[in-house]
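Thanks, everyone. I would like to walk through one model this morning, going from the helices of each chain to the place where the chains meet.

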Amino acid sequence: MSLDEADLREEPADPATASPVTRAVGTDAGAWAGRSWRDSALDGLRRRGRGLRRPAVVVPAAILALIVLACFLGPAVLGLPSPATGNLEDYLLPIGSPGHPLGTNALGNDMLAQLLVGGQISILVGVGATLIGLVLGVAIGMIAGYRQRVVGATLMRFMDVIFAFPDIILALAIAAYLGPSVVNTIWAIGFFSIAGFGRIARAQTLKIVNLDYVVAARASGRPAWRVLLGHVWPNISGPVLAYAFIAVGYAMMAEAALSFLGLGVPIPTPSWGNIIASSQGYITVAPQLILMPALLLFATIASTNLLSDALQTRRSS
Amino acid sequence: MGEPGADRTRAMLRVALNRVPQMLVVVIGCSILTFAVVNILPGDIVHSILGEDYTEAAADQLRAQLHLNDPLIVRYFVWLGESLTGDLGTSLLPPHVEVADLIGRALLPTLELVVLGQLFGLILGVLLAVVSVASRSRVVDRVISGFALVCSSIPGFVMGILLLGLLATQLHLVSPLGWASPFTDGWGENLSHILFPSIVLGLFAFPLFLRVFRAELVEQLDREDYVVLARLKGIPMRRVVFSHAVRNSSFGLLTILGVNTARLVGGVVVIELIFSIPGMGSLVTNAVIRHDAPTVMAGVSIVAIFVVVANLLVDLAYALLDPRVRDAS
């Protein structure tokens, strides 16, 4: 059940069947202008990517790509100073100061460098935690759906436990006892994202586990892990990956909250969360110190949410 | 089929019998997990009580005193037994208050915050869903879902900080920090403290209500025969929405009430810290940071019970209200 409003809108014309004119005025006018060898070469790809070239997908994907590229390539390309070696005499410079296009923070650190390097850390935590949740959650969820009796029930109770646990408290406890560091933050957040993936993987596995091809694979005597990897995973990966985008945004929010509480990424390593936290005292003097990382965080999370919605709609249409 | 009253009681009993054992498993699982985190992960309790410099003898004495030398399983069951008899232990940190007292004081603010936050979220979500469907305007619909996207993409604490800053710098309003008990300080004082934090929580909670309610409304209007009939009778769309579809769409909201409770309890942690509210979130966070194991154990278990009971209430409400669940045997 997809709850997205895009369900209710008419689907845009399928690029594979639409006339060349429709295609040319579509979202990707350049790519489709004129028929060429690429058209036939890309035919299969295009059919697979059906619905991927809608604005609902392209716009958030482009924003995400821009943010990721800026964060990971920006500091080197622009030759930015290190984010933590500012001059205390240059504290709280406004936006547009010479040498510091986005100004400086209370310690005189260059804000542009802080934001971009902080973005690297935030994205790293978001993606890393999601990967942990994805691998463990999908494994548990698939096994729970495949072996429905004792093993499945036990695994599901375990998921229920993680689910009932207010995630931030669990992450907080893990982070506090492991000590604040980037890697520990990833583990703490990754651990609680297991449950979400587990639920989805199990529900999707239950849908297909009695279909002929799975039963046939089972009956041929293949070991369970081969059936799961070769037959079940490819057929449940769509919804799981759509959820993964939401999960990345969610993990980034959790990182921000943990860093805000002083248990996430430790200063002087910047992250969007701890930039916001350490700027909290300057909200009246220099609100841009909070607004800029908050805006980046928002743009990233909103894009992952929109992308996930759009991918789910594509599947269900 | 007996009289409806008896049916309802029976349905609720059946749900409770089904659910309660599962709930117990979840709560005990939560406490085991917390116990594992608190005791297995590095972070040494002795170290955090005695500080940097201590003699081995003092450490040994403390370990014996806290039963740290017993096997983990024994210690867990000792804890479980004591908790079940109502003894939650004493805080490891000075002034060594009874954990039960700490929690007793912290429970009410958190409860009030979560309930008010849900309420704000529910009202806002339902209202905006009805507006966006009944207006039948694509622009209104877009604006409302845009607003929901914004609210669901901003972390709660950022919203809290920005709201506080906005109030203070632009409107020259200062939201009072802390918490005032309704019993000793009066309800007016209490509400003035709790209003802004619960609005922030409500903004965090409403997008889910909006999404589900809106989707159900649209589905009802698209698919259900009574809607077609009402339209054929010449009843305007607006009336159909308000007098028929809204009522029939409200079951989804119940589910969200359950789902949102766990989310809000998580969100409350940070909100309490921003607004300096001495609730469960602040209590558990501080205990976690200072490795106060008995308080962490009790706090997390109570929170887990709270979440699980909220979900049980949702299931019971289903049994009471939804004939499909009520009459299933």
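Let me begin with a term that I shall lean on throughout: a residue is called buried if 20 or more other C-beta atoms lie within 10 Å of its own, exposed if 12 or fewer do, and partly exposed in between. Please also keep in mind that what you see is a predicted model, which scores ipTM 0.76 and pTM 0.77.

With that definition in hand, look at helix α10 of chain B, residues 225-232, where the number of buried residues among the eight is zero, so that α10(B) lies largely in the open. The helix is followed by G234(B), a glycine whose phi is positive, near 90°.

For a contrasting case, turn to chain A and its helix α13, residues 272-279, which is mostly covered, since eight of its eight residues are buried. Among them are W272(A), N274(A), I275(A) and I276(A), and the list also includes S278(A) and S279(A).

Now the chains as wholes. In chain A the secondary structure comes to 14 helices and zero strands, while chain B has 15 helices and, again, zero strands. Of the 317 residues of chain A, 48% count as buried, whereas for chain B the figure is 39% of 329 residues. If we take contacts between residues at least 6 apart in sequence, 71% of those in chain A join residues at least 24 apart, and the corresponding share in chain B is 74%. As for dimensions, the C-alpha atoms of chain B fill a box of roughly 90 × 60 × 35 Å along the principal axes.

How far does confidence vary within chain B, and in which helices is it lowest and highest? The chain averages a pLDDT of 79, with 91% of the residues scoring at least 70, and the helix means run from 61 in α15(B), residues 323-326, where confidence is lowest, up to 87 in α5(B), residues 99-134, where it is highest. Where pLDDT is low, the predicted coordinates should not be read in detail.

Let me move on to helix packing, with one example from each chain. Two packed helices are described by the angle between their axes and the distance between the axes. In chain B, helix α9, residues 187-223, packs against helix α11, residues 237-249, at an angle of about 120°, and their axes are 9 Å apart. Angles of 65 to 115 degrees would count as roughly perpendicular and those over 145 as roughly antiparallel, and α9(B) and α11(B) are therefore oblique to each other. Their crossing is right-handed. On the α9(B) side the residues that meet the partner helix are F213(B), E216(B), L217(B), Q220(B) and L221(B), and on the α11(B) side they are V241(B), A245(B), N248(B) and S249(B). By class, this contact has five nonpolar, three polar and one charged residues.

The example from chain A is the pair α11(A), residues 212-219, and α12(A), whose axes lie 10 Å apart at an angle of about 160°. That angle makes α11(A) roughly antiparallel to α12(A), and here, too, the crossing is right-handed. Y213(A), V214(A), A217(A) and R218(A) of α11(A) meet V227(A), H231(A) and V232(A) of α12(A), and these residues divide into five nonpolar, one polar and one charged.

One backbone detail deserves a moment. Most residues other than glycine have a negative phi, and most peptide bonds are trans. S276(B), however, has a positive phi, near 50°. S276(B) sits in the loop between α12(B) and α13(B), and with 13 other C-beta atoms within 10 Å it is partly exposed.

Finally, which elements of chain A give two or more residues to the side that touches chain B? Overall, 38 residues of chain A are in contact with 44 residues of chain B, and the contributing elements on the chain A side are α7(A), α8(A), α12(A) and α14(A). The largest share, nine residues, comes from α8(A). By class, that side of chain A has 30 nonpolar, four polar and four charged residues. I will stop there and take questions.

Key
Residues are numbered from 1 along each chain as its sequence is written. Chains are lettered from A and ligands numbered from 1 in the order in which they are written. This is a predicted model: local features need pLDDT of at least 70, side-chain atom pairs count only at pLDDT 80 or more; totals for chains, interfaces and linings use all residues. Helices (H or I, at least four residues) and strands (E, at least two) are DSSP runs, numbered from the N terminus. Two residues are in contact if their C-beta atoms, placed from the backbone, lie within 7 Å. Ala, Val, Leu, Ile, Met, Phe, Trp, Tyr, Cys and Pro count as nonpolar, Asp, Glu, Lys and Arg as charged, and the others, Gly among them, as polar. Axes are lines fitted to C-alpha atoms, for helices over the stretch in contact, and angles run from 0 to 180 degrees between N-to-C directions. Angles under 35 degrees count as roughly parallel, over 145 as roughly antiparallel, 65 to 115 as roughly perpendicular and the rest as oblique. A crossing is left-handed if the near helix is turned anticlockwise from the far one by less than a right angle, and right-handed if clockwise. pLDDT is the predictor's confidence in each residue, from 0 to 100.
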